[in-house]
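Here are a few short exercises to work through with the model open on your screen. Try each task before you read its solution.

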Amino acid sequence: ELVDFSSRGVDVLINAAGISHSSLLTSMSTKSPTGEEGQIEAIINTNLLGTIYSCRAISKIMLRNKIKNPSPIHSPCIINISSLLGVQGGRGSSVYAASKAGVLGLTRALAAELGPQGLRVNAIVPGYVDTDM
């Protein structure tokens, strides 16, 4: 479901969506001839492109609201969830690690782009968490 935030203020965006397929790169599926998304595309689309598109859409709204209501104490923020694998990698996690390393690069670049305009952009890098993923 799409929600129109353009008329309302947004103070915080947390990008926490993520998927993983624990597999060696040579065993992972790619896009099929019929165009069906493979494991590699699914991971990159969800973990990296989803974060990029969310940051792009919401940062525009945050900047617009910051201009309309300038306040030195109001500092909207974007928090991107990455992974320890994005920093150090690991066997069977090449595509996941690449996607989360991309999130870290995006976060650093956005902090440089948006920070001077009063928007904070940070990443959280959790270690290993026992989940169903």
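**Exercise 1. Decide whether N15 is buried or exposed, and list what surrounds it.**

Step 1: N15 has a relative accessible area of 7%. Buried means under 20%, exposed over 50%, and partly exposed in between, using a 1.4 Å probe and protein chains only. So N15 is buried.

Step 2: This is a predicted model, where local features need pLDDT of at least 70, side-chain atom pairs count only at pLDDT 80 or more, and totals for chains, interfaces and linings use all residues. Residues are numbered from 1 along each chain as its sequence is written, and side-chain values use heavy atoms, with hydrogens and water left out.

Step 3: N15 sits in strand β1. Strands are DSSP runs of E, at least two residues, and helices are runs of H or I, at least four, numbered from the N terminus.

Step 4: Now for the neighbours. Skipping residues up to four places away in sequence, N15 touches G50, T51, S54, C55, I78, I79, N80 and I81; a contact means heavy atoms within 4.5 Å.

Step 5: The side chains of N15 and S54 also make a polar contact of 3.5 Å. That term covers a pair of N or O atoms within 3.5 Å; within protein, one must be able to donate a hydrogen and the other to accept it, and residues adjacent in sequence count only if both atoms are side-chain atoms.

**Exercise 2. Find out how β1 and β2 run relative to each other, and why β2 is largely enclosed.**

Step 1: Strand β1 covers residues 12–15, and four bridges join it to β2. Two strands pair if DSSP finds at least two bridges between them.

Step 2: The two strands run parallel. One bridge to look for is V12 with its β2 partner, C77.

Step 3: β2 spans residues 77–81, and four of its five residues are buried, so the rest of the structure largely encloses it.

**Exercise 3. Place T51 and name its contacts.**

Step 1: Look in helix α1, residues 39–68, for T51.

Step 2: Its relative accessible area is 5%, so T51 is buried.

Step 3: Leave aside neighbours within four places in sequence, and T51 contacts N15, T46, N80, V103 and L106.

**Exercise 4. Work out what S93 meets in its loop.**

Step 1: S93 belongs to the loop between α2 (85–88) and α3 (94–114). Its relative accessibility is 8%, so S93 counts as buried.

Step 2: Not counting residues up to four places away, S93 touches S23 and L85. L25 is 68 residues from S93 along the chain, yet their C-alpha atoms are separated by 7.8 Å.

Step 3: Check the side chain too: that of S93 reaches the backbone oxygen of G90 at 2.6 Å.

**Exercise 5. Classify P126 and say which residues it contacts.**

Step 1: P126 lies in the segment after β3 (120–124). With 28% relative accessibility, P126 counts as partly exposed.

Step 2: Beyond neighbours within four places, P126 is in contact with I81, S82, S83 and L84. P126 and I81 are 45 residues apart in sequence, with 7.8 Å from C-alpha to C-alpha.

**Exercise 6. Step back and describe the whole chain.**

Step 1: The chain has three helices and three strands, in the order β-α-β-α-α-β.

Step 2: Of its 133 residues, 33% count as buried.

Step 3: Take contacts between residues at least 6 apart in sequence: 69% join residues at least 24 apart.
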